[in-house]
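Here is a short briefing to read alongside the model. Please keep the sequence and the 3D view open as you go through the topics below.

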Amino acid sequence: MRRAGEQRRRRHRPGAGRRGRPGGLARDVRGQRAGGAAPDAGAAAGADRVRRWHGAGGHLDGGARHLRGRGRLRGGQARRPCAGGDPAVGDRGPPGAGDRDRARDGAHRGVLAHQVPGRRGARGPRLRGGGRAVDGGRRGGHHRLGGDQATACQRRSAGVAAQGAGVQQQGAPGAGGASGVGGASGTVSGAVAGGLRAGTAEEAGLAPGPLAELVPSLAAFLEGPEPAFAGFVVLAARNGVVVTHAAGGHALRYREWNGAVVELPAGDRVPMAPDTVFDVASLSKLFTALVVVRLAERGVLDLDEPISRRLGGFPEVSARALLTHTGGWPAEIALGDHPGDRAARLAAVGVQPLEYPPGTAYRYSDLGPIALGALVERVTGAPLDALVAELVTGPLGLTDTGYRPPPALRERCAATEYQPWTGRGVLRGEVHDENAHYLGGVAGHAGIFSTAGDLAALGQALLNGGVCGGVRLLGEEWVAEMLRPQNAGLGPEAARGLGWQLDQPALMGELASPTAFGHGGFTGTSLVADPATGVLLVVLTNRVHPRRDRGVDGAYRRAPAAALARALREAR
């Protein structure tokens with residue numbers, strides 16, 4: 001029996017098709033040409049390549065072969081759920097985590113010591129991963145679609161970034177470059193992912209003066225003995241025109257030495273680059289949400305059906321309630337305290353008692369996305385990482401986005417935290433979140449690694465009504481449903497679409513508006529966009545490097561947002 005709050009929300013669904021399908025059922029799950037029936041050949045080829053990589057591990061074979069083009073994902077034996085978790089709750093520490101936080105504080109107390117002895121200038125070359133996964137098709141690999149198999153949203157070279165003293169800049173003249181912040185400047189040429197292109201502030205309809213302050217406003221947080229973060233990458237665009245794409249600081253500044261964190265000599269530090277790969281933490285929830293909604297669009301699951309009908313041992317709460325954080329679960333549980341394998345830890349999530357009736361209150365919770373990851377695996381017979389690659393990153397051509405980066409890609413990753421309490425040192429290319437770590441690195445709410453360019457492509461696809469470079473990722477009605485306020489009457493902090501945060505000044509600063517959407521990640525990441533103005537802002541930092549007590553107020557997100565908002569206002 002559904003709760004009253006869930007019944008109320010069920011009235012608002014796009015289309016009139018059975019089981020939540022708007023109109024007819026699309027014949028291809030991956031993505032279709034906007035306005036056409038045939039899937040894009042490039043997207044299909046890229047997805048086929050993903051399937052070949054997984055074939056050795058059996059991920060997309062057998063019962064999951066229906067992904068290749070049937071409208072309904074059915075048949076085949078349901079595989080063991082494979083989802084992971086991240087106790088990071090946006091920009092704030094989760095309630096009830098005091099004991100573990102005290103342990104972290106003890107581990108971090110006094111860890112910043114002398115510079116590590118070593119040869120200056122000894123860092124190795126930064127390796128660029130090729131168009132093929134190098135993990136040999138093992139489970140949880142970082143899915144890469146590239147080379148001659150790239151999709152219609154293929155990423156091309158964005159020009160050569162000029163290097164300055166700590167800042168690399170990709171931006172057209174007059175586009176808010178890094179002048180005055182290390183003296184760097186640069187240009188962008190060619191196409192960018194997701195139909196984005198490089199251009200000037202004037203082409204984007206932005207005032208050059210305020211825009212020129214965007215990168216310096218973020219670089220200011222690098223100052224002082226304990227900066228808010230070790231490094232950053234920022235990308236700003238409007239109406240599909242990228243006006244700023246810059247990097248500053250370091251992807252790796254600290255390392256472990258004799259049980260403590262030490263600052264590396266200047267010559268051993270790894271500078272941040274515009275294409276640095278970040279652990280995006282809770283931005284992973286957006287990829288899970290897109291998988292869920294894409295499956296709902298095709299009638300594979302019903303957003304308002306209790307997940308208990310597919311997942312035994314889980315409560316009678318709908319996918320919609322979990323996407324909007326109104327399912328009744330607590331913020332998190334410490335899965336490391338639960339012995340056993342992945343299945344046992346997922347079962348521990350399922351038996352958590354609800355703290356309020358679903359649909360009647362709001363509480364940001366990681367448990368909902370963990371359960372959604374298990375749900376989509378159960379209904380499709382495919383693991384979550386493969387579904388994200390098949391249904392999101394493949395069609396969008398996000399070649400640097402996925403779970404568990406392979407060794408070659410780790411050389412491009414920004415380092416995160418020193419975590420001795422999980423038996424790990426300074427993390428780089430390994431998931432930061434403890435729960436995701438204990439579940440193998442593939443999680444419904446954490447575990448995705450990505451770049452500013454790839455995240456911009458994702459945001460632009462939503463701004464375009466679900467279309468990326470001519471390939472339709474999601475129907476317009478379903479994009480509108482994802483961005484429609486779902487939690488009416490539960491307070492301004494509860495403003496949520498399906499997976500997305502809406503109109504949140506704490507995250508978006510001056511870009512917040514009734515039509516703005518976005519999300520933040522605990523590691524220091526954020527994506528903000530607004531269809532009313534066409535603006536898009538991606539801010540990626542490694543604020544938890546080497547510890548999580550830096551940059552906790554999120555001011556580094558709001559500062560560049562203010563510069564972009566002024567550039568928009570003064571151009572009108």
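A good place to begin is G231, whose bridge partner in strand 6 is G249. Please bear in mind that this is a predicted model, with a mean pLDDT of 76 for the protein and 66% of its residues at 70 or more. The protein holds 17 helices and 20 strands, and buried residues account for 62% of its 572 residues.

**Strand 5 and its two partners**

- The pairing of strand 5 with strand 6 (residues 241–252) is antiparallel and runs over eight bridges.
- These two strands make a hairpin with two residues between them, and N239 in the turn has a positive phi of about 50°.
- Strand 5 is also joined to strand 20 (residues 535–541), again antiparallel, by seven bridges; here A236 has L537 as its bridge partner.
- Is strand 5 (residues 231–238) mostly covered or mostly exposed? Mostly covered: eight of its eight residues are buried.
- On one side of strand 5 you will find G231, V233, L235 and A237, while F232, V234, A236 and R238 point the other way, and all are buried.
- R197 makes a useful landmark here: its C-alpha is 9.0 Å from that of A237, although the two residues are 40 apart along the chain. R197 belongs to strand 4 (residues 197–198) and is partly exposed, with a relative accessibility of 39%.

**A three-stranded sheet**

- Strands 10, 14 and 11 form an open sheet in the order 10-14-11, with antiparallel pairing.
- Strand 10 (278–279) and strand 11 (402–403) are the edge strands, each pairing on one side only.
- Two bridges link strand 10 to strand 14 (residues 448–450) in the antiparallel sense, and the partner of D279 in strand 14 is F449.

**Nonpolar cores**

- The largest nonpolar core has 85 residues, and L301, L303 and W500 have the most contacts inside it.
- Helix 7 (residues 284–297) gives the most to this core, contributing nine residues.
- A second, separate core has 31 residues, among them F229, F232, V539 and A561.
- Of the contacts between residues at least 6 apart in sequence, 70% join residues at least 24 apart.
- The accessible surface of the protein is about 19,300 Å², and carbon and sulfur atoms make up 50% of it.

**Two helices to look at**

- Helix 10 (residues 367–380) has 14 residues and spans 20 Å from its first C-alpha to its last, close to the 20 Å expected at 1.5 Å a residue.
- Of those 14 residues in helix 10, 13 are buried, and the helix is followed by G381, with a positive phi near 75°.
- In helix 11 (residues 384–396) you can pick out V392. Why does V392 count as buried? Because its relative accessible area is 0%, against a cut-off of under 20% for buried residues.
- Which residues does V392 contact, leaving aside neighbours within four places in sequence? They are F287, L290, V291, L387, L458 and L473.
- The C-alpha atoms of V392 and L458 are separated by 8.6 Å, with their places 66 residues apart along the chain counted as their separation.

**Backbone features worth a check**

- Most residues other than glycine have a negative phi, and most peptide bonds are trans.
- A281, which is not a glycine, has a positive phi of about 55°. A281 sits in the loop between strand 10 and helix 7 and is buried, at 1% relative accessibility.
- D503 likewise has a positive phi, near 50°. Its loop runs between strand 17 (501–502) and helix 16 (505–508), and D503 is partly exposed at 31% relative accessibility.
- The peptide bond from H545 to P546 is cis, with omega near 10°. P546 lies in the loop between strand 20 and helix 17 (555–570).

**Where to read with care**

- Residues 15–165 have pLDDT under 50 throughout, and the model gives this stretch 409 contacts beyond four places in sequence.
- Residues 171–191 are also below 50 in pLDDT, with 63 contacts in the model beyond near neighbours in sequence.
- Where pLDDT is low, the predicted coordinates should not be read in detail.

Key:
Residues are numbered from 1 along each chain as its sequence is written. This is a predicted model: local features need pLDDT of at least 70, side-chain atom pairs count only at pLDDT 80 or more; totals for chains, interfaces and linings use all residues. Side-chain values use heavy atoms; hydrogens and water are left out. Helices (H or I, at least four residues) and strands (E, at least two) are DSSP runs, numbered from the N terminus. The expected span of a helix is 1.5 Å times one less than its number of residues. Buried means under 20% relative accessible area, exposed over 50%, partly exposed in between (1.4 Å probe, protein chains only). pLDDT is the predictor's confidence in each residue, from 0 to 100. Contact means heavy atoms within 4.5 Å. Accessible areas come from the Shrake-Rupley method with a 1.4 Å probe; for residues, only the protein chains shown count as cover. A nonpolar core is a set of buried Ala, Val, Leu, Ile, Met, Phe, Trp, Tyr and Cys residues joined through side-chain atoms within 4.5 Å. Two strands pair if DSSP finds at least two bridges between them.
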